[in-house]
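Colleague: Please look closely at a single part of this model and walk me through how it is built and what it packs against.

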Amino acid sequence: MSLLYAFYGDDFTGSTDVLEQLAEGGVPAVLFLRAPDAVLRARFPDVRAVGLAGDSRSRSPDWMDAHLPAAYGALREAAVVHYKTCSTFDSSPTIGSIGRALDIGMAAFGGPAAIVVAAPHLGRYLAFGNLFAAAGAEIFRIDRHPTMARHPVTPMHEADLIRHLAAQTGARITLVPLDRVQAKQAGTAFDAARDSDAILFDGVAMDDLAETGAVLLSRGVRLAVGSSGVTRALVLAWRAAGLIEGAAETARADAVERLLVVSGSCSPATARQIVRGVAEGYRPVRADVAALLRGESGEEARLADEAIAALSAGGRCVIHTAEGPIGEVPAAGDRLGAALGRISGKAIREAGVRRVLFAGGDTSSHGVAELGIDALTWAAPIERGAPLVRAHAADAAIDGLELVLKGGQMGGEGFFETVRRGTPA
């Protein structure tokens with residue numbers, strides 16, 4: 001069976017968000033944590049979509065030049081390839097450059113590429129080229145968002161996404177504005193802009209994504225860049241065209257006695273979750289970030305030992321590096337996330353943990369990469385944008401491990417207990 005779709009996730013949290021969209025659309029899918037060889041690919045013979053989880057969101061343009069061509073090459077058998085970005089589109093010319101990823105993708109697949117950032121299912125809206133995002137019950141322009149405007153590595157200081165990308169790429173980008181999308185004229189606008197390198201689609205509602213998806217499918221777009229709005233748009237288009245007929249996945253997650261939470265997030269939302277979690281019985285284990293960044297093995301051992309003791313005594317523990325915003329800091333998410341991953345791996349194996357929540361994009365990407373996982377598949381819904389996924393690994397202690405990977409701003413205050421209790425029928 002041919003692949004409808006393949007994606008490269010610029011972090012692991014966004015990659016599992018795509019798995020959720022595909023599961024809801026009835027599209028069998030697998031997310032690989034390394035470029036799959038024939039043996040690994042053969043373990044998932046019936047999928048119609050594949051992903052490759054990456055960490056380019058925290059990498060330099062030079063790193064992208066060295067690694068993204070091979071990643072795109074591993075996915076090129078699919079009808080459309082998606083470079084999956086965070087729905088908040090945070091990036092800079094030096095870290096996580098979406099513009100550079102777009103340039104490399106166009107060299108691999110040609111153009112014009114489609115850019116779709118709107119994700120109404122996540123509270124992300126694009127109107128006349130400007131990005132808006134929810135924070136709790138309020139909607140903010142992204143450069144005024146209480147979290148993303150103060151992101152410690154890639155703060156969003158520009159809401160106009162064409163202007164934002166102009167600092168990262170010389171590609172010519174044309175907007176299909178909201179009024180054209182809602183007038184069902186997106187196809188005509190796309191055709192008129194075919195001399196552009198990339199075409200950005202507005203959207204504030206599911207009907208807008210359906211219109212966009214129809215254009216991507218009918219025009220044979222090979223490269224799409226953006227949020228899981230790309231996935232949702234394509235699922236709607238595939239179903240309308242009769243390309244998929246499977247029913248949506250409906251599995252539920254049982255409760256577990258033990259939950260390990262690992263947070264490298266500086267988000268106010270995660271800070272509130274930590275406070276609530278501690279009040280509900282999660283033993284806090286605060287990391288000395290400077291010591292971890294210096295590579296001090298003693299600090300890693302301390303954190304692991306305290307977590308194991310907490311899990312053995314009460315079944316619930318949160319290892320965390322911050323309790324809210326700490327201001328802009330040098331990009332060190334890769335080293336910090338990797339250290340947290342090593343600590344988590346020891347705690348998982350020695351405390352017999354079978355479900356783990358990672359909070360923060362870099363923490364999820366670099367931390368999970370330390371666990372020796374080959375692939376992830378969707379397991380059950382937990383909260384929008386942060387599903388439960390199941391690990392496939394050679395290590396028996398890791399194989400079958402259940403994970404939730406959430407962006408820092410995702411989830412309600414009681415999210416830790418939501419994850420532990422699952423979604424029983």
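Modeller: Helices, taken as H or I runs of at least four residues, and strands, taken as E runs of at least two, are DSSP runs numbered from the N terminus. Please keep in mind throughout that this is a predicted model. The part I have chosen is helix α3, together with its partner α4 and the loops on either side of that partner.

Helix α3 covers residues 61–75, and because 15 residues at 1.5 Å a residue should span 21 Å, the 20 Å between its end C-alpha atoms agrees with that expectation. The helix nevertheless carries a kink of about 40° at His67, shortly before the proline Pro69.

As for burial, the buried residues of α3 are Pro61, Trp63, Met64, Leu68, Ala71, Tyr72 and Leu75. These buried residues pack against three strands, β1 (5–9), β3 (49–53) and β4 (80–84), and also against the helix α4 (98–109).

The pairing with α4 deserves a fuller description. The axes of α3 and α4 come within 10 Å and cross at roughly 35°, and the crossing in which α3 passes α4 is right-handed. On the α3 side the contact is made by Pro61, Met64, Asp65, Leu68, Pro69 and Tyr72, while α4 contributes Arg100, Ala101, Ile104, Gly105, Ala108 and Phe109. Sorted by character, the residues of this contact comprise nine nonpolar, one polar and two charged. Pro61, Met64, Leu68 and Tyr72 take part in the contact and are also listed among the buried residues of α3.

The loops that flank α4 hold two backbone features that you may wish to inspect. Most residues other than glycine have a negative phi, and most peptide bonds are trans. In the loop between β4 and α4 lies Phe89, which has a positive phi of about 60° although it is not a glycine. Phe89 counts as buried because its relative accessibility is 1%, where the cut-off for buried is under 20%. On the other side of the helix, Pro112 is found in the loop between α4 and β5 (113–116), and a cis peptide bond, with omega about 0°, joins Gly111 to Pro112.

Taken together, α3 is a helix kinked at His67, with buried residues that pack against β1, β3, β4 and α4, and α4 in turn is preceded by the loop of Phe89 and followed by the loop of Pro112.

Definitions and conventions. Residues numbered from 1 in each chain as written. Predicted model: local features only at pLDDT ≥ 70, side-chain atom pairs only at ≥ 80, totals over all residues. Heavy atoms only, no water. Expected span 1.5 Å × (residues − 1). Bend = angle between axes of the 7 residues up to and from the residue. Buried < 20%, exposed > 50% of the residue type's maximum accessible area, 1.4 Å probe, protein only. Contact = heavy atoms within 4.5 Å. Axes fitted to C-alpha atoms, helices over the stretch in contact; angles between N-to-C directions. Left-handed = near helix turned anticlockwise from the far one by under 90°. Nonpolar A, V, L, I, M, F, W, Y, C, P; charged D, E, K, R; others polar.
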